[in-house]
Amino acid sequence: MFFKKKIKFNIDTLISEKSVIRGKTTYVGGVRVDGKIIGDILVSSGNNPGTLIMGEGSEIKGNIVVQNAIIGGKVTGNIRAINYIEIHPKADIKGNIEYKLLEVHEGAKIIGTLKLMSLAMIKRYTKEIKLPKIIKPIK
């Protein structure tokens, strides 16, 4: 019997179910989306790993680059999960998925290709999503 280690994620940003965001956006740390995003998303690591959590009623139309993702809503676009992606039963994904570790629950819909990333790809993408340290203002 296998026992799955529970992964804990911190949420730094919440996008509510009535919110609609348009354009290319970058978030640092953990993001929970219950609303709609139209545009590409980069979820970068800050003090916490870059994590995207999508609720069941959420929708993203655009490409996603993130370290960890839990998808419960609708995605129209490609997903690059550098560390881990979990796809819940009500998820509906139309796009390709690149991943290191993948978990798909029964009932999830995926129209696209699944691609396991090599270690070289993971190292390269990890460097790309790290944001430079924010420069503190001079007092």
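Reader: Which strand do seven bridges join to β13, and do the two run parallel or antiparallel?
Author: In this predicted model, seven bridges join β11 to strand β13, which covers residues 97-104, and the two strands run parallel. One position along that pairing is Ala 81, which stands opposite Tyr 99 in β13.

Reader: And how many bridges does β11 make with β9?
Author: The pairing of β9 and β11 is in the parallel sense and extends over seven bridges. Within it, Ala 69 has Ile 85 of β11 as its bridge partner.

Reader: Why would you call β11 largely enclosed?
Author: Seven of the nine residues of β11 are buried, so the strand is largely enclosed by the rest of the structure.

Reader: Take Ile 82, then; is that residue buried or exposed?
Author: Ile 82, which is found in strand β11, residues 79-87, counts as buried because its relative accessibility is 3%, and the cut-off for buried is under 20%.

Reader: Which residues does Ile 82 touch, leaving out those up to four places away in sequence?
Author: With those sequence neighbours left out, Ile 82 touches Val 66, Gln 67, Lys 100, Met 117, Ile 122, Tyr 125, Thr 126 and Ile 129. For one of these, Gln 67, the C-alpha atom is 4.6 Å from that of Ile 82 in space, while the two residues are 15 apart in sequence.

Reader: Tyr 125 is on that list, so what lies over the face of its ring?
Author: Arg 80 lies over the face of Tyr 125, at 3.7 Å from the ring centre.

Reader: How many aromatic pairs does the structure hold?
Author: The number of aromatic pairs in the structure is zero.

Reader: Moving on to β7, what are its strand partners?
Author: Strand β4, residues 30-33, pairs with β7 in the parallel sense over four bridges, and β7 also pairs with strand β9, residues 64-71, in the parallel sense over three bridges. Ile 53 takes part in both pairings, since Arg 32 stands opposite Ile 53 and Ile 70 of β9 is the bridge partner of Ile 53.

Reader: Which residues of β7 are buried on each side?
Author: Strand β7 spans residues 51-54 and is covered on both faces, with Thr 51 and Ile 53 buried on one side and Leu 52 and Met 54 buried on the other. In a regular strand the side chains alternate between the two faces of the sheet.

Reader: Different topic: what is the strand order in the open sheet of six strands?
Author: The order is β2-β5-β8-β10-β12-β14, and the pairing is parallel. Its edge strands are β2, residues 20-22, and β14, residues 109-111, each of which pairs on one side only. On average, and with direction ignored, neighbouring strands of this sheet are turned by 5° against each other.

Reader: How do β8 and β10 pair within it?
Author: Strand β8, residues 59-61, and strand β10, residues 74-76, pair in the parallel sense over three bridges, and Glu 59 has Lys 74 in β10 as its bridge partner.

Reader: Is Glu 59 buried or exposed, and what does it touch beyond four places in sequence?
Author: Glu 59 counts as buried because its relative accessibility is 17%, which falls under the 20% limit. Its contacts, not counting residues up to four places away in sequence, are Gly 35, Lys 36, Ile 37, Met 54 and Lys 74.

Reader: What about Lys 94, where does it lie and how accessible is it?
Author: Lys 94 lies in strand β12, residues 92-94, and is partly exposed, with a relative accessible area of 38%. Apart from residues up to four places away in sequence, Lys 94 touches Lys 74, Val 75, Thr 76, Gly 77 and Ile 111. Its C-alpha atom is separated by 9.7 Å from that of Ile 79, which is 15 residues apart along the chain.

Reader: Back nearer the start of the chain, where is Thr 25 found and which residues does it touch?
Author: Thr 25 is found in strand β3, residues 25-28, and is buried, with a relative accessible area of 14%. Not counting residues up to four places away in sequence, Thr 25 touches Asp 40, Ile 41 and Leu 42.

Reader: Finally the whole chain: how many helices and strands are there, and what share of the residues is buried?
Author: The chain has one helix and 15 strands, and 40% of its 139 residues count as buried. Its accessible surface comes to about 8,900 Å², of which 56% belongs to carbon and sulfur atoms.

Note on methods. Residues numbered from 1 in each chain as written. Predicted model: local features only at pLDDT ≥ 70, side-chain atom pairs only at ≥ 80, totals over all residues. Heavy atoms only, no water. Buried < 20%, exposed > 50% of the residue type's maximum accessible area, 1.4 Å probe, protein only. Areas by Shrake-Rupley, 256 points an atom, 1.4 Å probe, with all protein chains shown as cover. Phe/Tyr/Trp six-rings, centres within 6.5 Å; stacked < 30°, edge-to-face > 60°. Lys NZ or Arg CZ within 6 Å of the ring centre and 35° of its normal. Pairing = 2+ DSSP bridges. Axes fitted to C-alpha atoms, helices over the stretch in contact; angles between N-to-C directions. Contact = heavy atoms within 4.5 Å.
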